[in-house]
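Here are my notes on the model you sent. Please read them with the structure open beside you.

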Amino acid sequence: MRKIRLKLFWQKNGRPMMLSVFMALFAFSGLQAQGKKNAPVFSDFVYQGNDQVYKDHPLEEGEFYNPILQGCYPDPAIIRQGDDYFMVHSSFAMAPGVPLFHSNDLVNWKQIGHVLDRPSQLKVHDSGISAGVYAPAIKYNPHNETFYMITTQFAGDFGNIVVKTKDPFNGWSDPYKLKFNGIDPSLFFDDDGKAYVVHNDAPDPGKELYQGHRVIKIWNYDLENDQVVEGSDEIIVDGGVDLSKKPIWIEMPHIYKKNDKYYLMCAEGGTGGNHSEVVFISDNPRGPYKPAPSNPILSQRHLPQHRPNKVDWAGHADLAKGPNDDKYYGVFLAIRPNEVNRVNTGRETFILPVDWSGKWPVFENGLIPFEPKLKTPEGVENKRGQDGFFPNGNFTFADNFNSEKLDYRWIGVRAFPEEFISTSKKGLKITPFENNIKAVAPISTLFHRQMHKSFSATTTMEYKPGSEKDLAGLVCYQSENFNYVFGITKKDKEYYLLLERTEKGKSKIIASKQIDIKKPIKLQVVAEGDDYSFNYSVEGEDFQNLGGAVSGDILSTNVAGGFTGALIGLYATSANEAQPE
């Protein structure tokens, strides 16, 4: 074990603060940095979105775009406490884990950090990209004035865990490991002070009737010990709305209380083309629960496949009362496939108003094709990404890496960025690991999510590889088995720029070119729907293409599998295997 003194920055109430800590890092295989030698320096990064839908639908006064968070921010969960909304999302093998957003109006959102922001909370160093942290839920208990985030972490020795805080702006506890199996846990705090956990699980042994048959279980929760009460588990939903129709993947349950009734809302159908949201009612939090006659209350699965501005896979929702207390709103995941029905931006976070004036909650326009714009709640101004709020629509994000705090949009995969980056007046330096992009291990890559179907991402890099084992540049990454690498390496005494495609773990050099590295080089990826182009520029000249237009197929969730969207990365490795032809 080594101890490394790191300076970490976080934000409290909008003010940057500095914390000097000692972080104990296990010497994981491949995590040893290679020192200052052969470390690339990236002096800038510019991401520009260019989706046609936003050009065709400019915002008018009193409107905002849907999705509210573009790119891979799946599985949203939300809580309102007073005038504050907090929202969390799945992060899988990304580090830090569980992005945390804050809003006062459901339209303008700021990322205030991550819930799992240190190694004692997150152990994804050997997790596949779609393992790690699944489906968080965030709840507030008024009886002890505490916020809880409960989730499943398929990593380390965790399983289902809960963390808690009195102040979401100021960090979360280390995890409490929970003693139950299954996934997608959520908490419910009743008016009488009692607490419960609900979650997805497999049926009892010998009672699984078909593939995808799952149940929803409930446990009593011991608040003093932060643990479920042994023996209190009970199945409250078997299969889904109608077991005779063999529904699949009933999951992500939330319990709400309204007018002395208990409502259980769940996703059903699996997080794909049959995804939906369904709701049940009971007089008791432990059931029995009866399904609504109008289920599903949210879905796009019955609509024509070839519809304009298609949004699909809608489900996995959570509810909160709106800022004017006149109606509810529901956040949920959905996808925006490109022109060939590929899902490169991954599962994104959408929102719709919910009419709960009657017995049942109903997503307004939740069963017809979604529109790209919504009306803001009355009295809410859309800040359009200004004043530190997250942008949506077409926007530009630029970073010259001279801020003392790394923007929260930047993430690592299986490694916290602080483990391999440093900044100076020259820019951001990445100290390479002895792992390359195909490893199920920490990779020395700083990632930004792909947030548009059509976009450009450009960086300026200064780099001199020392051997054929050294490579640095840009990557487009769906997973360890599906990615593009666009970088500079060395062969014999010459330097080369190459483009490598990896599909199903097998790599192929698309093109390579000998290049002069005496001055910094600009690297760029441009996507127009499914067509991706990798370009470069030296000494301020016009961009030149390498490899022609290539397909973005391998960056799509429905080609590569898994649960994440594509990531764009600033990459370095000292274990390169790609060689120019």
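1. In what order do the four strands of the open sheet lie? The order is β10-β11-β12-β13, and the pairing is antiparallel. Keep in mind that this is a predicted model. Strands of a sheet pair through backbone hydrogen bonds, either parallel or antiparallel.

2. Look next at the edges of this sheet. They are β10 and β13 (176-177). Each of these edge strands pairs on one side only.

3. Start walking across the sheet from β10. Eight bridges hold β10 and strand β11 (residues 146-154) together, in the antiparallel sense. Two facing pairs are easy to find. Ala-137 has Ile-150 of β11 as its bridge partner. Asn-141 stands opposite Thr-146, also in β11.

4. Then check the turn. β10 and β11 make a hairpin, with four residues between the strands. One residue in that turn, Glu-145, has a positive phi of about 50°.

5. Take the next step, from β11 to β12. These two strands run antiparallel and are joined by seven bridges. Here Ile-150 meets Val-162 of β12 as its bridge partner. Ile-150 is also the partner of Ala-137, so follow that residue both ways on the screen. Beside it in the sequence, Met-149 stands opposite Val-163 in β12.

6. This step has a hairpin too. Four residues lie between β11 and β12, and Gly-156 in the turn has a positive phi of about 55°.

7. The last step is from β12 to β13. Two bridges join these strands, which run antiparallel. In this pair, Val-162 stands opposite Tyr-176 of β13. The loop between β12 and β13 holds Pro-175. Is Pro-175 buried or exposed? Its relative accessibility is 17%, so Pro-175 counts as buried; the cut-off for buried is under 20%. Pro-175 also gives you a distance to try. From its C-alpha to that of Tyr-262 is 28 Å, and the two residues are 87 apart in sequence.

8. How covered are the middle strands? In β11, eight of the nine residues are buried, so this strand is largely enclosed by the rest of the structure. Strand β12 (residues 159-165) is mostly covered, with five of its seven residues buried.

9. Now the nonpolar cores. In soluble globular proteins, nonpolar side chains tend to be buried together. The largest nonpolar core here has 89 residues. Within it, Phe-332 and Phe-363 touch the most other members. Strand β25 (residues 328-335) gives the most to this core: five residues. Another core, of 22 residues, lies apart from it. Val-88, Val-133, Ile-138 and Val-163 are among the residues of that second core. You have met Val-163 already, opposite Met-149.

10. Turn to the second largest pocket. About 680 Å³ of space lies in it. Its lining is made of 23 residues. Which of them lie nearest its centre? They are Ile-79, Arg-80, Tyr-140, Tyr-256 and Lys-257. The elements that give two or more residues to this lining are β5 (77-81), β10 (132-141), β14 (183-189), β19 (251-258) and β24 (312-321). Note β10 in that list; it is also an edge strand of the open sheet. By class, the lining has 13 nonpolar, three polar and seven charged residues.

11. Finally, the cysteines. A disulfide is a covalent bond between the sulfur atoms of two cysteines. How many disulfides does a search of the whole structure find? The count is zero. Why is Cys-72 not in one? The closest cysteine sulfur, in Cys-476, is 14 Å from that of Cys-72, which is too far for a bond. The cut-off for a disulfide is within 2.5 Å. Cys-476 is likewise in no disulfide. Both cysteines are covered. Cys-72 is buried, with a relative accessible area of 0%. Cys-476 is buried as well, at 1%.

Methods. Residues are numbered from 1 along each chain as its sequence is written. This is a predicted model: local features need pLDDT of at least 70, side-chain atom pairs count only at pLDDT 80 or more; totals for chains, interfaces and linings use all residues. Side-chain values use heavy atoms; hydrogens and water are left out. On a 1 Å grid over the protein atoms alone, a cavity is a set of points where a 1.4 Å probe fits but cannot get out, and a pocket is an open set with protein on both sides within 12 Å along at least five of seven lines; lining residues have an atom within 4 Å of a point. Grid points are joined across faces, edges and corners, and a volume is the space filled by probe spheres set on the points. Ala, Val, Leu, Ile, Met, Phe, Trp, Tyr, Cys and Pro count as nonpolar, Asp, Glu, Lys and Arg as charged, and the others, Gly among them, as polar. Buried means under 20% relative accessible area, exposed over 50%, partly exposed in between (1.4 Å probe, protein chains only). Two strands pair if DSSP finds at least two bridges between them. A nonpolar core is a set of buried Ala, Val, Leu, Ile, Met, Phe, Trp, Tyr and Cys residues joined through side-chain atoms within 4.5 Å.
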